[in-house]
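Biologist: Please take one part of this model and go through it closely for me, in plain steps. I would like the contact between chains first, and then whatever leads on from there.

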Amino acid sequence: MDKILTHEAVINDLSSGMTIGIGGWGARRKPMSLIRAICQSDLKDLTLISYGGPDVGLLCAHKKVKKLIFGFVSLDMIPLEAHFRQSRQNSEIEVMELDEGMVQWGLRAAAMDLPFLPTRVGLGTDVLTHNPELKFVTSPYSDEENLVAMPALNLDVALLHVNKSDEKGNTQIIGPDPFFDELFARAARKTFISSEEVVSTQELGGKEGAIFNRFERSLVTGVVHSAFGAHPTSCAPNYGFDMKHLKEYSDAAKSFEEYSSKYMNKTHEEYIDSVGGSEAIKNIPLPQF
Amino acid sequence: MSDSISLAEICISAASKAWKDDGEILATGIGLIPRIAAGLAKLTQNPDLMMTDGETYLISKPAPMGKRDASNDQVEGYMSYSRVFDNLWGGKRHAMVTPTQIDCFGQTNISAIGEYNSPKVQLLGVRGFPGNFINHKNSIFIPNHSVKTFVNGEVDMVSGMGYKNKQLSNGKFEIKVVVTNLGVFDFNGTDNSMQLLSLHPGASVDDVKLNTGFELSISSETVTPMPSEEELILIREVLDPQGIRNSIFGE
């Protein structure tokens, strides 16, 4: 079984109007080379679900987003995401704004093939005011508590970036926090992976390596080899986030043309060269909080 | 030492008392002053508190502010985001946060300012506020006490619930303390109104009233206690040796 694909092959498997879940968290371990490939494609009217960072911002800047389902969008050290803010302030995108735990619950419901999961989260807040489609459920037990029925967030596709994969889609996330990537994979009809390294199954490290295998290969449709594919976000333990680049990207919200001509519409290899090359990225230290 | 005590240090000392009676829970201070305050609480008021390195690991001693050699951290456990969610849904956490707006009900906003569908200012998004406030105790630090922060009427987008919906939280909602650049407050006034507990040196009741967009109870006009010698040494030499705290009020 060989699931190795090119960036182009993944894009060809996507279509406009799809609901796409994106792994990672803020400015950490985002599948940015796949996101850039979407920006360069004809795809449009996408619904995104993300613990958002520059993935959301870049797609907003390229007018690819119809609707965003989110709890936050942030570049971590730069707390507010300028491109996303611009899209919101100009009323360019629809939003379903949720508590980050409700996002988790919606993905989990989808992962478990359930219509919803109950929660108190959202009660007493304007999350309910602005999402009238959220309904309630009464506990069938003696407490009869009224709870939010968080609907399943079913995904057409999940896009995730990982540290290692073999050609069968046995993946490893080696950074200390796997975030919610597993739930994205389980909530999706198809999951495409971009991977820092593509190695043989033997090179995955046996039992010790298997601890880092956060979900099973049957969930993986395709794997793209994308060294430094998370740049400018971090990919622990390989490299940190590129603050200088994130700053330049953030400032480009005022005028995107210069940023675009420097960094967009390139192959992944050309992009890596344009941001200083693989050696430079390798030397970006991991962030300290 | 006492003649040079800064406002930041007074706020850190006052804020650290928030976790005093919490027992063995996760203390999360988000932002400069709350984080140093949580660390101070662990080193003085409540050594049983659990605390992260700001990322994925629980560590035995609070991480100092600024660059540090993280290889010296004594890691004692694991706290991925997924586990933080599990922890907070179970209520064993007390966070201190800095919302952009807060109202007379203790409702908070970090989502957006202005009309929701076309916000004047898009902020972070509600993030974990709906879940945090309904599931566990929270405290608040506000560095710029003003009518823009303590708003008249309700906050623009209720991200964290308030006292008017307390009954929805299964008894878990509480704002323990609010520390600002002017004083220390809680919501234990009449009908859970915000009340002044103490004023920082130099601040007056009029300053507080003028800079709060709603009625508040004045139960006390005492002066906020100064940090002890021990607290000052811990703040200055252990928790924030580089003096990053001075940036918060431009001291």
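Modeller: Two residues are in contact here when they have heavy atoms within 4.5 Å of each other. This is a predicted model, and the description below should be read with that in mind.

By that cut-off, chain A brings 43 residues to the contact and chain B brings 49 residues. The size of an interface is often given as the accessible area lost when the parts come together. For chain B and chain A, the buried area is about 3700 Å². Carbon and sulfur atoms give 53% of that area.

Next come the polar links across the contact. Between chain B and chain A, 21 residue pairs are in polar contact, counting pairs with both residues at pLDDT 80 or more. On the chain B side, the elements that give two or more residues are helix H3 (81-89), strand S8 (121-122) and helix H4 (129-135). The residues of chain B that touch chain A can also be sorted by type: 20 are nonpolar, 19 are polar and 10 are charged.

Side chains of opposite charge can pair when their charged atoms come close. Two salt bridges are counted between chain B and chain A. In one of them, Arg127(B) meets Glu100(A), with 3.1 Å from N to O.

Glu100(A) leads on to empty space inside the model. Rolling a probe the size of a water molecule over the atoms shows where empty space is left. The structure holds two cavities of 30 Å³ or more. The largest cavity has a volume of about 50 Å³, and Glu100(A) is one of the residues that line it. From chain A, its lining also takes Asp99(A), Gly101(A) and Val121(A). From chain B come Phe85(B), Leu88(B), Trp89(B), Gly128(B), Gly131(B) and Asn132(B). The elements that supply two or more of these residues are helix H5 (100-111) of chain A together with H3 and H4 of chain B. H3(B) gives the most, with three residues. By type, the lining of this cavity has four nonpolar, four polar and two charged residues.

The second largest cavity has a volume of about 30 Å³. Its lining consists of Met32(A), Pro54(A), Leu58(A), Pro232(A), Leu246(A), Tyr249(A) and Tyr259(A). H3 and H9 of chain A each supply at least two of these residues. The lining divides into seven nonpolar residues, with no polar and no charged ones.

Pro232(A), from that lining, also has a backbone feature to note. The peptide bond from His231(A) to Pro232(A) is cis, with omega near 10°. Pro232(A) lies in the loop between strand S12 (222-225) and helix H9 (243-251) of chain A. Another cis peptide bond joins Ala236(A) and Pro237(A), where omega is about 0°. Pro237(A) is likewise in the loop between S12 and H9 of chain A.

Ala236(A) leads on in turn to an open space, the second largest pocket, which has a volume of about 420 Å³. Of the 23 residues that line this pocket, the closest to its centre are Pro176(A), Ala236(A), Leu286(A), Pro287(A) and Glu55(B). Its lining divides into 12 nonpolar, four polar and seven charged residues.

Two details elsewhere in chain A finish the tour. Lys63(A) has a positive phi of about 55° although it is not a glycine. Lys63(A) sits in the loop between helix H3 (54-61) and strand S4 (65-73) of chain A.

The other detail is a salt bridge, and the count over all chains is 23 salt bridges. Among them, the side chains of Glu216(A) and Arg186(A) meet at 2.8 Å, N to O. This pair links distant parts of the chain, 30 residues apart. Glu216(A) is in the loop between helix H8 (206-210) and S12 of chain A, and Arg186(A) is in helix H7 (residues 181-187) of chain A.

Definitions and conventions. Residues are numbered from 1 along each chain as its sequence is written. Chains are lettered from A and ligands numbered from 1 in the order in which they are written. This is a predicted model: local features need pLDDT of at least 70, side-chain atom pairs count only at pLDDT 80 or more; totals for chains, interfaces and linings use all residues. Side-chain values use heavy atoms; hydrogens and water are left out. Buried area is the accessible area (1.4 Å probe) that two parts lose on being put together, summed over both. A salt bridge is a side-chain nitrogen of Lys or Arg within 4 Å of a carboxyl oxygen of Asp or Glu. A polar contact is a pair of N or O atoms within 3.5 Å; within protein, one must be able to donate a hydrogen and the other to accept it, and residues adjacent in sequence count only if both atoms are side-chain atoms. Helices (H or I, at least four residues) and strands (E, at least two) are DSSP runs, numbered from the N terminus. Ala, Val, Leu, Ile, Met, Phe, Trp, Tyr, Cys and Pro count as nonpolar, Asp, Glu, Lys and Arg as charged, and the others, Gly among them, as polar. On a 1 Å grid over the protein atoms alone, a cavity is a set of points where a 1.4 Å probe fits but cannot get out, and a pocket is an open set with protein on both sides within 12 Å along at least five of seven lines; lining residues have an atom within 4 Å of a point. Grid points are joined across faces, edges and corners, and a volume is the space filled by probe spheres set on the points.
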